[in-house]
Amino acid sequence: MSLETSISDKSFTNCLMNASGAKCMTLEELTNLKNAPCGTWITKSCTINPREGNPSPRYVDLALGSINSMGLPNLGFDFYLNYVLEEHLDGNDDLFFSVAGLTLEENVEMLHKIQNSDFSGCVELNLSCPNIPGKPQTGYDFERTHEVLTQVFSFYKKPLGVKLPPYFDMVHFEMMAEILNQFPIKFVTCINSIGNALFIDDEAVVIKPKGGFGGIGGAYVKPTALANVRMFYKLLRKDIAIIGCGGVENGRDVFEHILCGASMVQVGTQLMKDDISVFSRLLNELEEIMKLKNYHSINDFKGKLIEL
Ligand code: SIN
């Protein structure tokens with residue numbers, strides 16, 4: 001049985017990776033991911049300058065998921081560029097580099113530097129962080145998304161995909177897909193957290209930033225994540241791969257993301273809860289399901305969700 005998959009011209013031994021943000025900010029965390037049995041891994045979304053992020057508490061585990069308003073804490077673009085270049089020197093270009101500039105100019109500056117570097121892995125351009133006060137999620141502004149992608153692809157030639165916020169309206173799926181299909185995008189990651197939710201414990205919010213508003217992940221978001229994976233799988237050009245993200249707690253969740261059309265599946269909240277051991281458990285559980293169903297590869301069931 002093979003769990004191999006591919007994105008752009010890259011092959012991966014299996015379909016699992018971390019979601020950007022989960023245990024991938026420091027060198028120690030990135031080294032743990034590198035040594036874990038996931039198919040690949042991704043760096044924390046970075047900005048040009050290092051950021052402390054929002055005040056704590058800013059991440060809380062919930063019974064059915066998590067709420068966070070991290071505010072893009074990261075060690076700054078140079079740290080992550082040096083990190084991926086070290087990996088390149090080690091013979092590894094198959095990791096993902098996440099970029100989340102606070103402005104279009106910042107994204108363009110970082111992507112120019114990546115374009116001019118030896119890194120040839122995939123960049124995930126994060127258009128969907130809901131946690132920066134005063135900065136709307138680009139993915140909800142269709143005109144702005146078009147403008148960003150026009151500028152980016154005017155010079156950027158390496159494999160690049162976008163991380164999208166969740167959409168909830170059929171017209172919005174169609175509008176975003178129509179924009180994405182105009183560009184040489186290699187993948188889309190669906191979904192970032194469901195932004196600006198509110199969780200209350202007794203009489204108080206549970207996180208400090210933004211009066212308690214934060215992005216929800218985990219089991220709460222799985223149906224929304226699957227709907228986004230499915231819709232973009234149907235609406236996007238067939239050469240654009242889908243990376244599923246949202247609500248992956250067990251092998252069955254990974255299976256469902258792939259059934260909806262995902263080529264790769266990211267793990268966020270559950271990686272925060274279980275740590276690195278989550279990957280071998282998920283892989284074993286996925287293999288068990290595939291064995292029962294007599295599937296030998298990801299392609300045997302990718303996108304093959306039965307509709308009634
Ligand atoms: C954060 O750092 O606030 C989370 C990043 C994201 O949701 O894109």
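## Pockets and sheets in a predicted model

The lining of the second largest pocket breaks down into 9 nonpolar, 7 polar and 3 charged residues. Keep in mind that this is a predicted model. The volume of that second largest pocket comes to about 340 Å³. It has 19 lining residues, and those closest to its centre are G101, L102, K135, P136 and T138. Two helices, α3 (104-115) and α4 (142-153), each put at least two residues into the lining of the second largest pocket.

Now for the largest pocket. Its volume is about 650 Å³. Of its 40 lining residues, S20, G21, A22, Y59 and N68 sit closest to the centre. Sorted by class, the lining of the largest pocket holds 17 nonpolar, 18 polar and 5 charged residues. As for where the lining comes from, β5 (65-68), β13 (213-217), β15 (262-267) and α8 (269-274) each contribute at least two residues. The top contributor is α8, with 3 residues.

Here are the two pockets in brief.

| Pocket | Volume | Lining residues closest to the centre |
|---|---|---|
| Largest pocket | about 650 Å³ | S20, G21, A22, Y59 and N68 |
| Second largest pocket | about 340 Å³ | G101, L102, K135, P136 and T138 |

On to the sheets, with a general point to start: strands of a sheet pair through backbone hydrogen bonds, and they do so either parallel or antiparallel.

One open sheet has 7 strands with parallel pairing, in the order β3-β15-β14-β9-β8-β7-β6. At its edges are β3 (16-18) and β6 (96-99), and each has a single partner strand, so one side of each has no neighbour in the sheet. Ignoring direction, neighbouring strands here are turned by 25° against each other on average. If you want to look at the β3 end, β3 and β15 run parallel and are joined by 3 bridges. One residue to pick out is L16, whose bridge partner in β15 is V265. A helix also packs on this region: α7 (residues 251-260) lies across β3, β14 (241-245) and β15, and runs at about 145° to β15. Recall that β15 is also among the strands that supply at least two residues to the lining of the largest pocket.

The other open sheet is built from 4 strands, ordered β4-β5-β13-β10, and its pairing is antiparallel. Its edge strands are β4 (59-62) and β10 (194-198); each has a single partner strand, so one side of each is left with no neighbour in the sheet. From one strand to the next, the twist averages 35°. Within this sheet, β5 and β13 run antiparallel, with 3 bridges between them. Both β5 and β13 help line the largest pocket, with at least two residues each.

What is the bridge partner of N68 in β13? That would be G215, so let's follow this residue a little further.

G215 belongs to strand β13. Is G215 buried or exposed? Its relative accessibility is 0%, and because buried means under 20%, G215 counts as buried. Leaving out residues up to four places away in sequence, G215 touches S66, I67, N68, N131, S193, I194, G195 and N196. One of these contacts, S193, lies 22 residues from G215 along the chain, and the C-alpha atoms of the two are 4.9 Å apart. N68, another residue that G215 touches, is one of the residues closest to the centre of the largest pocket.

Terms used:
Residues numbered from 1 in each chain as written. Predicted model: local features only at pLDDT ≥ 70, side-chain atom pairs only at ≥ 80, totals over all residues. Heavy atoms only, no water. 1 Å grid on protein atoms, 1.4 Å probe; cavity = no way out; pocket = protein on both sides within 12 Å on 5 of 7 lines; lining within 4 Å. Points joined across faces, edges and corners; volume = space filled by probe spheres on them. Nonpolar A, V, L, I, M, F, W, Y, C, P; charged D, E, K, R; others polar. Pairing = 2+ DSSP bridges. Axes fitted to C-alpha atoms, helices over the stretch in contact; angles between N-to-C directions. Contact = heavy atoms within 4.5 Å. Buried < 20%, exposed > 50% of the residue type's maximum accessible area, 1.4 Å probe, protein only.
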